[in-house]
Amino acid sequence: QAFAADAPCHPQPVDPGFHEMLARSRVLNALRQSRTRRGGGGFGSPKDHEPAWIENWTKERREGKDSLDWFFRAFNSTGIYEVFLKSSPRFYGFMVWSAIIGGYCWSRMWDHIWNYVNQGMLYAHCPYVYPIPDDDE
């Protein structure tokens, strides 16, 4: 009898050397390696390393050397990136709402310029003077 009789759904092997054989098997070794690979940082994980030339390139920081350093410092101090631009849904929402509000402001600006340039020549600028009512009596 190769299996225990008291386990009706999943029969268990009785052979005591089965676990030693499984420990030496290729499947268990592959599982062990993939587990260490997953814990150590696989492709796309935060622990995943870039190629050496990219890591060396990013070590050299441009802080304080750039001609627009004042702008980058001001932009980073606002916190706009952390709040709106870091996550994709917030980024798209920020872009859509910025376009709506920016388009409205752009349109109102040109309306005001048009009114300023054409002052007194537009229908809205000409007051309606009501005629004096005639007395028919």
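The points below concern salt bridges, a surface patch and cysteines in a predicted model.

1. Salt bridge count. The model contains 2 salt bridges. Side chains of opposite charge can pair when their charged atoms come close. One pair joins arginine 73 to aspartate 69, and another joins arginine 108 to aspartate 111.

2. The pair in helix 4. Between arginine 73 and aspartate 69, the closest N and O atoms are 2.8 Å apart. Both residues belong to helix 4, which spans residues 69-78. They sit 4 residues apart, about one turn of the helix. The two side chains are also joined by a polar contact of 2.8 Å.

3. Exposure of that pair. Aspartate 69 has a relative accessibility of 14% and counts as buried, because the cut-off for buried is under 20%. Arginine 73, at 47%, counts as partly exposed. The bridge therefore links a buried aspartate 69 to a partly exposed arginine 73.

4. Surroundings of aspartate 69. Which residues does aspartate 69 contact, leaving aside its neighbours within four places in sequence? Those contacts are with Glu63 and Gly64. Aspartate 69 itself is found in helix 4.

5. The pair in helix 6. Arginine 108 and aspartate 111 form a salt bridge in which the closest N and O atoms are 3.6 Å apart. The pair counts as a salt bridge because the cut-off is within 4 Å. Arginine 108 and aspartate 111 are 3 residues apart in helix 6 (residues 88-117), so about one helical turn separates them. Arginine 108 is partly exposed at 36% relative accessible area, and aspartate 111 is partly exposed at 37%.

6. Nonpolar surface patch. Trp106, Met109, Trp110, Ile113, Tyr116 and Val117 make up a nonpolar patch on the surface. Together these residues have about 710 Å² of accessible area. Among them, methionine 109 is found in helix 6. Is methionine 109 buried or partly exposed? Its relative accessible area is 35%, which means that methionine 109 is partly exposed.

7. Cysteines. How many disulfides does a search of the whole structure find? The search returns 0 disulfides. Cysteine 105 is partly exposed, with 45% relative accessible area. Cysteine 126 is also partly exposed, at 44%.

Terms used: Residues are numbered from 1 along each chain as its sequence is written. This is a predicted model: local features need pLDDT of at least 70, side-chain atom pairs count only at pLDDT 80 or more; totals for chains, interfaces and linings use all residues. Side-chain values use heavy atoms; hydrogens and water are left out. A salt bridge is a side-chain nitrogen of Lys or Arg within 4 Å of a carboxyl oxygen of Asp or Glu. Helices (H or I, at least four residues) and strands (E, at least two) are DSSP runs, numbered from the N terminus. Buried means under 20% relative accessible area, exposed over 50%, partly exposed in between (1.4 Å probe, protein chains only). Patches are made of residues with over 30% relative accessible area and no salt bridge: like charges are joined within 9 Å, nonpolar side chains (Val, Leu, Ile, Met, Phe, Trp, Tyr) within 5 Å. Accessible areas come from the Shrake-Rupley method with a 1.4 Å probe; for residues, only the protein chains shown count as cover. A disulfide is a pair of cysteine sulfur atoms within 2.5 Å. A polar contact is a pair of N or O atoms within 3.5 Å; within protein, one must be able to donate a hydrogen and the other to accept it, and residues adjacent in sequence count only if both atoms are side-chain atoms. Contact means heavy atoms within 4.5 Å.
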